[in-house]
Amino acid sequence: MIKQKEKIIFEVSNLKKYYPVRKKFFSRQKQYAKSVDGVSFAIKENSILGLVGESGCGKSTIGKTILGLTSPTGGKVTFRDKIIFDVENNISISNGEMTKLRSEMQIIFQDPYASLDPSKSVGQIVSEGIKKHKIVSKDKVEEKTREMLELCGLDATSIFKYPHEFSGGQRQRIGIARALAMNPKFIVCDEPTAALDVSIQSQILNLMLDLKDKFGLTYLFISHNFSVVKSFCDEIAVMYLGQIVEKGEADEVYNNPKHPYTKALISSVPIQHPGEEKERIILKGSMPSAVDIPSGCRFHTRCPYKTERCMNETPTWKTLDNETGVACHLY
Ligand SMILES: Nc1ncnc2c1ncn2[C@@H]1O[C@H](COP(=O)(O)OP(=O)(O)OP(=O)(O)O)[C@@H](O)[C@H]1O
Ligand SMILES: [Mg+2]
């Protein structure tokens, strides 16, 4: 549960990321995929914010942009009161300062197969960042590496092995150990369990919860799976086509969804216990392209409740009870 007046560790305002795309192969005409189009949120220290939405809605782009792994088109991001960038005011953190902060902000990826270099031993993979950022003195690197692996549920002798010698779940533990070795404060977890079996998924999520409590970590947890987000996160932000359409405490968003898109996502979650009642909304079609965003409310092309107004007028953000906010003309 989130208590009032908790410290904000990460703040994002009006973040935009547009990718240039060509309409036709030989065309000089420039067009943009508006992958992230005016997103704002804040994450409280030692809490988990879940970012949920269909494939292609811009979740990973948010993760990469706020960590400075790709350049932003607009907006401002602050981490522990330090401005990482403020595009409109031409401010961006110096390279030197970013290098220092880099260790405090880590990312864990979806694919534990692709994100670990197969030619390096686990010891090399986990110790790389420890050495680069001089997390401990040279003679303590191996000890720190072993300690991180053990904390993540792996045998310390794993340092001599290579990624192919591990299962998917174990590889994800290596990825977590690598991130944890940097003494991070904040971790973007980009679908960290999506590639794993359900039973392994919960082991990894439990590990992440333990580590969060032990080290006072804060997570941005990206997922397209509402049931995972609901059980794992303190707050949920629901994304559709580059924007957040609803945000609030996890229980509130799940049990009392406001936006028709949130209701539709929850509709697709299997019922957890008999007698549970849910409004069923089955979405038609697929999400439009980020290059061709519909007018008005960008969800109107799929919304069962759309009116004339939804087709012409963009809904503004409204804050409701229990810190819930929604962008929909129905409210
Ligand atoms: N480098 C790029 N160049 C052009 N367009 C891109 C680039 N990266 C992402 N996009 C586009 O931005 C949009 C958002 O992509 P993103 O990867 O952030 O989605 P996502 O929500 O993480 O999806 P998924 O659940 O499939 O991982 C998509 O339309 C994608 O095609
Ligand atoms: Mg993604």
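This report walks through the fold of a predicted model, from its overall build to a few chosen residues.

**Overall build**

Let us start with the whole chain. The protein contains 10 helices and 13 strands. Its radius of gyration is 21 Å, close to the 20 Å that the globule rule gives for 331 residues, so the protein is as compact as a globular protein of that length. Along the principal axes, the C-alpha atoms occupy a box of roughly 70 × 55 × 45 Å.

Of the 331 residues, 50% count as buried. The accessible surface amounts to about 16500 Å², and carbon and sulfur atoms contribute 48% of that area. If you look at contacts with a separation of 6 or more, 63% of them are between residues 24 or more positions apart.

**The eight-stranded sheet**

A good place to rest your eye next is the open sheet, which is built from eight strands in the order 7-8-9-3-10-11-13-12 with mixed pairing. Its edges are strand 7 (105–108) and strand 12 (318–319), each of which pairs on one side only. As a reminder, strands of a sheet pair through backbone hydrogen bonds, either parallel or antiparallel.

Strand 10 shows both kinds of pairing. With strand 3 (residues 48–52), strand 10 (residues 235–240) runs parallel, and four bridges join the two. With strand 11 (residues 243–249), strand 10 runs antiparallel, and here the bridges number six. Glutamate 235 takes part on both sides: this residue of strand 10 is the bridge partner of leucine 49, and it also stands opposite glutamate 249 in strand 11.

How well is strand 10 covered by its surroundings? Six of its six residues are buried, so strand 10 is largely enclosed by the rest of the structure. Both faces are covered, with Glu235, Ala237 and Met239 buried on one side and Ile236, Val238 and Tyr240 buried on the other. Where strand 10 turns into strand 11, the hairpin has two residues between the strands, and leucine 241 takes a positive phi near 45°.

Helix 1 (residues 59–66) lies across four strands of this sheet, namely strand 3, strand 8 (186–190), strand 9 (218–223) and strand 10, and runs at about 150° to strand 9.

**Aromatic pairs**

Across the whole structure, a search finds 10 aromatic pairs. Two of them are set side by side here.

| Pair | Centre to centre | Between the planes | Arrangement |
|---|---|---|---|
| Phenylalanine 10 and phenylalanine 186 | 4.3 Å | 25° | stacked |
| Phenylalanine 221 and phenylalanine 232 | 4.6 Å | 50° | tilted |

Phenylalanine 10 sits in strand 1 (residues 8–22) and phenylalanine 186 in strand 8, so their pair ties together parts that are 176 residues apart in sequence. Phenylalanine 10 has a relative accessibility of 0% and is buried; phenylalanine 186, with a relative accessible area of 0%, is buried too. Ring pairs also bring in Phe79, giving a cluster of Phe10, Phe79 and Phe186.

In the tilted pair, phenylalanine 221 belongs to strand 9 and phenylalanine 232 to helix 7 (residues 226–232), 11 residues apart. Phenylalanine 221 counts as buried at 1% relative accessibility, and phenylalanine 232 counts as buried at 6%.

**Helix 9 and helix 3**

Now for two helices. Threonine 262 is found in helix 9 (residues 260–267). Is threonine 262 buried or exposed? Its relative accessibility is 0%, and because buried means under 20%, threonine 262 counts as buried. Leaving aside residues up to four places away in sequence, threonine 262 touches Phe226, Val238, Glu246, Val253 and Pro257. Among these neighbours, Val238 is one of the buried residues of strand 10.

Helix 3 (residues 122–132) has as its buried residues Val122, Gly123, Ile125, Val126, Ser127, Gly129 and Ile130. In general, an α-helix has 3.6 residues a turn, so residues three or four places apart point the same way. What do the buried residues of helix 3 pack against? Their partners are helix 4 (141–151) and helix 5 (168–180). After helix 3 comes lysine 134, which has a positive phi near 45°.

Terms used:
Residues are numbered from 1 along each chain as its sequence is written. Chains are lettered from A and ligands numbered from 1 in the order in which they are written. This is a predicted model: local features need pLDDT of at least 70, side-chain atom pairs count only at pLDDT 80 or more; totals for chains, interfaces and linings use all residues. Side-chain values use heavy atoms; hydrogens and water are left out. Two strands pair if DSSP finds at least two bridges between them. Contact means heavy atoms within 4.5 Å. Axes are lines fitted to C-alpha atoms, for helices over the stretch in contact, and angles run from 0 to 180 degrees between N-to-C directions. The radius of gyration is taken over C-alpha atoms; the globule rule is 2.2 Å times the number of residues to the power 0.38. Buried means under 20% relative accessible area, exposed over 50%, partly exposed in between (1.4 Å probe, protein chains only). Accessible areas come from the Shrake-Rupley method with a 1.4 Å probe; for residues, only the protein chains shown count as cover. Rings of Phe, Tyr and Trp (its six-membered ring) pair if their centres lie within 6.5 Å; planes under 30 degrees apart count as stacked, over 60 as edge-to-face and the rest as tilted.
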